[in-house]
Amino acid sequence: MEDTETIVPEAPVELHPRHRSLLPFLGVACGVSVSNIYYNQPLLLEMSRSLHVEHGSMGSVAVATQVGYSLGILAFVPLGDVVERRGLMVRLFAGIACSALLCAFAPTLAVLIAASVAIGLMAAVTHVIVPIAPELASDEERGRAVGTVMTGLLLGVLLARTVSGWIASFLGWRTVFFFAAAASLTFVLLMVRRLPKLPPHTPLPYRDALRSLWTLCRTQPLLRESAMLGGLAFGAFSAFWTTLVFLLGSHHYRLGAGVAGSFGVLGATGALIAPVAGRVADRHGSRAVVTLGLSLLAVGFCILWLFGYHIAGLVVGVVVLDLGMQASQIANQTRIFGLEPGARGRINTIYMTVYFLGGSLGSLFSTIAWAHWEWSGVCALGLIMLALAALLHATGVRTQPPVPLPA
């Protein structure tokens, strides 16, 4: 009798600290996915000229991408607690590729805005990936694991501007989105090859997962505080990066998209603090790291306000600003991921939805501030948002009470 080969389906694998070698790969995946949110920021001037649109109107493209990202986090990230995660991530990376191609071929501002919203929606895969990191470490090393993956994410945020700026300088802004599509398609293949199937911890209906978001918000004061702090800090951060290209294109500098994007390299030095911030949060608590992060952000904006019209002041301000942003972000995520392992996807949904809504508001108000008061208005906006964050932090939760979370 002729032997027949039996094909055994790939079995799901339960993640464990012994799989920590996946952390760098997940960090790179986060960087590739999140970079799609920021490719358009150094391109706003060139896109406005190409499509014959006023600079202020073109700022809506950056806002649209962040709004789409917030909606994507709300819609897709809870699925990480509901469905098999590798398949979800593969589908979302494929969606990024399709949306980037639509941006590349966009003939009008309206199409570009719609495609930018779609990119934001699909790029929410970033925050399906991030909650996997704590599963690859013990509780005592959770901050370090989060810091490793967040290093990749933060490098993606910052270097995306450099990559897009220089590609646009030589090959035009549309080529940037062809590049983005190719990078995302590459990770469709890599995800299938490198990752095992990742079932949810406690499968539950999607409707119940969405319903539990409100319960989490209502019962978890530390989660509410962290989300608001993150949103205000990122709003200030986005105000700077959205309008930097306008400052560099003004009569004070007269520099193009390539130079604007290169400031991402300077900002990337701030990503080096991510693993350090994670270790400090593990040893001394996250609250102290949040205080440090907010302080650095405020100092950065003061430097930018006083010396932003001088290149040395701008360089120093960018580095300090990014150090502060990364420290506060790592600390916030380390403490929220300690609340309940089975609900990390939904916890991250709440946090990142508020976080990027804050970023969207920062981008929106910064274009208004620039139109009326230029650089002084942008810096004042950043400091106002940070003052609100500092007030919330000073009056917020000192210790998290043991409140049971929904399954």
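**Exercise 1. Determine whether His52 is buried or exposed, and describe its backbone.**

Step 1: His52 has a relative accessibility of 73% and therefore counts as exposed, where buried means under 20% relative accessible area, exposed over 50% and partly exposed in between, with a 1.4 Å probe and protein chains only.

Step 2: His52 is placed in the loop between helix 2 (44–51) and helix 3 (55–76); helices are DSSP runs of H or I with at least four residues, strands are runs of E with at least two, and both are numbered from the N terminus.

Step 3: The phi of His52 is near 60 degrees, a positive value in a residue other than glycine. For comparison, most residues other than glycine have a negative phi.

The model is predicted: local features need pLDDT of at least 70 and side-chain atom pairs count only at pLDDT 80 or more, whereas totals for chains, interfaces and linings use all residues. Residues are numbered from 1 along each chain as its sequence is written, and side-chain values use heavy atoms, with hydrogens and water left out.

**Exercise 2. Locate Glu374 and state its phi.**

Step 1: Glu374 lies in helix 15 (residues 344–394).

Step 2: Although Glu374 is not a glycine, its phi is positive, at about 55 degrees.

Step 3: With a relative accessible area of 38%, Glu374 is partly exposed.

**Exercise 3. Characterise the aromatic pair of Trp166 and Phe170.**

Step 1: The whole structure contains 13 aromatic pairs, a pair being two rings of Phe, Tyr or Trp (its six-membered ring) with centres within 6.5 Å, counted as stacked if the planes are under 30 degrees apart, edge-to-face if over 60 and tilted for the rest.

Step 2: Trp166 and Phe170 form a stacked pair, at 6.1 Å centre to centre and with 25 degrees between the planes.

Step 3: Because Trp166 and Phe170 are 4 residues apart in helix 7 (residues 142–171), about one helical turn separates them.

Step 4: Trp166 is partly exposed at 39% relative accessible area, while Phe170 is exposed at 66% relative accessibility.

**Exercise 4. Analyse the pair of Phe234 and Tyr355, and the cluster that holds both residues.**

Step 1: Phe234 and Tyr355 are stacked, with 4.4 Å between the centres and 10 degrees between the planes.

Step 2: This pair links distant parts of the chain, since Phe234 is in helix 10 (residues 221–249) and Tyr355 in helix 15, 121 residues apart.

Step 3: Both Phe234 and Tyr355 are buried.

Step 4: Phe234 and Tyr355 belong to one aromatic cluster together with Phe237, Phe240, Trp241, Tyr351 and Trp375.
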